[in-house]
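Let's take a walk through this structure together, one chain and one interface at a time. Keep the 3D view open as you read.

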Amino acid sequence: MENYRIFDSELDKLAHKVKLMCSQVNHQVNDVILALNTNDLVLAKKVIANDEYINNLDVKIDKLCQKIFALQQPVASDLRYIISALKINNDLERIGDHAVSIAKRIEPLQEYEQLIQELGLELIGEKTKNIFSDVVELVNGHNLEFAEQITIKAQEIKEECREIASTMLTEMMHQSEIVVVAANILIIINLFERISGYSTNIAESISFVVNGEIIKHKK
Amino acid sequence: MIVEKIHTENMFLYYSGKMALNNISIQIPEKKVTAFIGPSGCGKSTFLRSLNRMNDLIDGVKIEGKVMIDSVNIYDKNIDVVNLRKKVGMVFQKSNPFAKSIYENIAYGPKINGINNKHQLDEIVETALKNAAIWDEVKDRLGDSALGLSGGQQQRLCIARTLAVNPEIVLMDEPASALDPLSTAKIEELIVQLKEHYTIVIVTHNMQQAARISDNTAFFYLGELIEYDKTRKIFTNPEKKQTEDYITGRFG
Amino acid sequence: MINSFRKNIKGIVIEGITLVSAIIIIAIVIIMLVVIFIGGKSQLSWEFLTSFPTEGMTKGGIFPAIYGTALLVIIMSIAAVPFGTITAIYLTEYAKENSIIAKTIRFAVRTLAVIPSIIYGLFGLGFFIKFVGANVDSAFYGGTLRWGQPNLLWASLTMALLTLPVVIVSVEEALKTVPQELRAASLALGATKWQTIWKIVLPGSLSGIMTGTILAVSRGAGEVAPILFTGAAYYLATLPGISDQFMVLGYHIYVLTTQSANVDQTLPIQFGTTCVLLLLTFTLNMSAVVLRYRIRKKKNH
């Protein structure tokens with residue numbers, strides 16, 4: 001006895017928008033990492049310009065959730081999905097912002113390609129791309145295997161970022177002339193770490209949609 | 001494009017000299033669902049019934065101001081009430097099928113309009129029942145008494161009966177208030193589907209129902225139209241404090 | 001203590017008196033029915049019902065009286081039921097509840113209901129026979145006495161007047177059992193008021209109209225006074241037409257007990273006739289009660 005529900009189309013619309021948001025942010029992340037690796041300032045500018053589209057989408061999703069809450073009194077799985085959609089939307093928007101922040105710091109690093117390579121920043125970038133492709137899969141298919149992967153990979157990235165940061169600090173003590181560039185690199189590393197952190201949040205939100213259990217802060 | 005279907009201007013209604021509707025001005029768009037909400041005795045049902053002149057049946061009702069449907073004042077002297085009611089159908093709070101067969105209930109309206117061709121009637125009955133989403137449930141027992149149907153089915157039958165006359169506007173006076181949640185959901189779904197072809201005005205005690213199914217919502221209180229806006233606006237950010245208090249349940 | 005004892009005594013006495021009265025009433029009914037049935041039992045036969053009286057009404061059957069009673073109530077119903085129904089429709093469907101005209105009609109109906117039946121008889125004699133009948137005779141028959149005398153038609157119309165209040169009240173009650181929502185539904189579909197009455201209200205109150213008819217028939221079958229002056233005959237050797245006088249059950253009993261040459265000899269036939277009349281009215285009343293019960297049940301649904 002399957003009933004057509006009046007707000008199913010609204011829910012479909014919301015799911016579609018969240019997926020769109022996810023793929024847009026994925027493009028931003030990929031582009032900014034490519035720009036960083038290849039020193040592509042044009043691409044970096046494109047990433048910065050694209051942010052407006054993502055911000056608009058963020059507002060649209062917020063409004064749609066508000067409308068569904070106000071008019072349809074969602075319950076059970078619908079309720080969980082809409083709560084999660086709001087949070088995922090928020091996380092994605094922040095990831096988008098971080099991509100822009102990284103893009104803005106590519107120019108000051110122009111003459112330090114070798115340093116960047118030595119530090120293994122490219123590797124962190126690859127891992128971040130990798131983790132984010134898992135996020136896209138998870139958001140599109142709600143397959144919780146990806147959620148597990150994300151949590152594991154995020155932990156790795158976090159550790160590696162810490163490692164690079166301590167290397168940087170040591171270097172800074174010896175070479176005072178790289179302080180400015182090092183500060184930028186520290187910030188970028190920190191942003192990568194945060195992106196992986198938000199990815200973990202998204203994984204937790206999707207787990208909540210599927211299982212109805214809040215798994216964050218549980219270890 | 002939004003076309004205006006019903007429009008009242010400075011309308012007042014008195015019951016034996018006592019004011020029941022105070023200066024109602026509203027524009028109701030075509031092929032949308034417009035909901036009237038408000039506490040009991042706020043005048044929402046009275047206003048609904050003045051749109052097809054069902055208030056004429058009550059002694060001592062006096063109406064002032066304009067009530068326009070398709071830019072014609074329905075209270076003009078030369079208006080034929082019988083024709084008006086064919087154009088503006090009504091579904092009541094309590095399902096009220098006639099003590100006749102399912103078929104005869106639907107055929108009643110077309111028959112009094114002079115349609116007697118059996119083939120034509122069959123077609124009208126089938127279409128009306130299909131449009132009211134009850135055809136599959138009753139197609140094998142059209143000759144059975146309508147009183148044997150469940151409450152929810154009876155109400156959909158009454159909607160079908162209204163549709164059979166081919167109205168342009170369907171007024172609904174708390175059509176689901178006596179039904180269980182599942183039947184209510186079916187009626188709501190039906191209403192949303194019907195707005196493709198009909199202008200629907202619904203009175204409901206159930207605010208969530210208004211929120212779910214309507215495009216525009218009007219809040220009535222003590223015979224006045226307090227606020228009228230897009231349903232989404234009313235339920236997320238109403239302008240008036242009275243509206244906010246009512247829809248959040250802080251009333252009184 | 002003493003006081004409450006007295007109160008107790010008083011209570012017991014009152015209860016006793018009311019109980020005795022109730023028992024007396026039941027006893028009267030039982031005695032009446034038993035006496036009439038035992039007395040008439042031997043008479044009740046197919047032959048008694050289908051043959052003419054013979055030998056100065058001391059022998060034979062009561063067929064002409066049954067025939068006359070039947071014709072009387074049929075013609076009476078044809079006159080009273082449509083007229084009463086139309087009045088009831090006016091009162092429930094058209095007249096405003098508290099309008100002067102509705103109040104006047106209701107007052108008139110109540111008054112009609114309490115007028116003694118003998119006065120109907122006198123009215124029938126004065127109005128139908130001496131006024132209408134006589135004028136018809138002088139207008140169409142050159143003064144020959146034809147309609148200006150007692151006959152079946154005038155008796156039936158007089159009886160119709162008597163039973164009119166019964167019909168009006170029961171039809172009105174039946175019309176009121178049709179829910180207001182159904183009228184509203186019909187009107188909202190674009191039906192006119194008359195279409196609504198004809199197709200929804202009247203079919204819905206058909207059993208009520210039948211109840212009214214049966215009650216009227218039952219009342220009419222038992223009444224004697226209104227037809228005394230307007231058409232009842234002592235004895236007829238042939239079956240009557242509409243312009244003839246006629247025999248009727250109630251009047252036949254009266255004739256047998258008071259006018260017969262030999263009252264004692266007619267005793268079995270008196271009992272038999274009474275028995276038939278009683279059974280007839282009893283059956284009619286019972287069916288009216290059953291119908292009314294069914295309407296009430298439907299209404300409470």
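How many residues of chain A are in contact with chain B, and how many of chain B with chain A? The count is 12 residues on the chain A side and 13 on the chain B side. Before going further, keep in mind that this is a predicted model.

How much surface goes into that meeting? The size of an interface is often given as the accessible area lost when the parts come together. For chain A and chain B, that comes to about 1,100 Å², with 64% of it on carbon and sulfur atoms. On the side of chain A that touches chain B, you'll find six nonpolar, four polar and two charged residues. The rule finds zero salt bridges across this interface, but it does pick up two residue pairs in polar contact.

While you're looking at chain A, find helix α1, which covers residues 8-38. Here's a neat little check you can do yourself. A helix should span 1.5 Å a residue, so the 31 residues of α1 in chain A should span 45 Å, and the end C-alpha atoms are indeed 45 Å apart, which agrees. Right after α1(A) comes A:Asn39, and its phi is positive, near 60°.

Now swing over to the other interface, between chain B and chain C. Here 21 residues of chain B are in contact with 16 residues of chain C. The two chains bury about 1,600 Å² between them, 68% of it on carbon and sulfur atoms. In chain B, the residues that lose the most area to chain C are B:Phe98, B:Tyr108 and B:Ile112, which together make up 33% of what that side buries.

What about charges here? The rule finds one salt bridge across the interface of chain B and chain C. B:Lys94 pairs up with C:Glu181, and their closest N and O atoms are 3.9 Å apart. Between these chains there are also four residue pairs in polar contact. Several elements of chain B each supply at least two residues to the side that touches chain C: α2 (81-87), β6 (88-91), α3 (102-112) and α6 (151-164). That side of chain B divides into 11 nonpolar, four polar and six charged residues.

Last stop: chain C itself. Chain C has 12 helices and two strands. Starting from the N terminus, you pass two helices, then the two strands, and then helices the rest of the way. Its C-alpha trace spans about 80 × 65 × 35 Å along the principal axes. Of the 301 residues in chain C, 42% are buried. And among contacts in chain C between residues at least 6 apart in sequence, 73% join residues at least 24 apart.

Methods: Residues are numbered from 1 along each chain as its sequence is written. Chains are lettered from A and ligands numbered from 1 in the order in which they are written. This is a predicted model: local features need pLDDT of at least 70, side-chain atom pairs count only at pLDDT 80 or more; totals for chains, interfaces and linings use all residues. Side-chain values use heavy atoms; hydrogens and water are left out. Contact means heavy atoms within 4.5 Å. Buried area is the accessible area (1.4 Å probe) that two parts lose on being put together, summed over both. A salt bridge is a side-chain nitrogen of Lys or Arg within 4 Å of a carboxyl oxygen of Asp or Glu. A polar contact is a pair of N or O atoms within 3.5 Å; within protein, one must be able to donate a hydrogen and the other to accept it, and residues adjacent in sequence count only if both atoms are side-chain atoms. Ala, Val, Leu, Ile, Met, Phe, Trp, Tyr, Cys and Pro count as nonpolar, Asp, Glu, Lys and Arg as charged, and the others, Gly among them, as polar. Helices (H or I, at least four residues) and strands (E, at least two) are DSSP runs, numbered from the N terminus. The expected span of a helix is 1.5 Å times one less than its number of residues. Buried means under 20% relative accessible area, exposed over 50%, partly exposed in between (1.4 Å probe, protein chains only).
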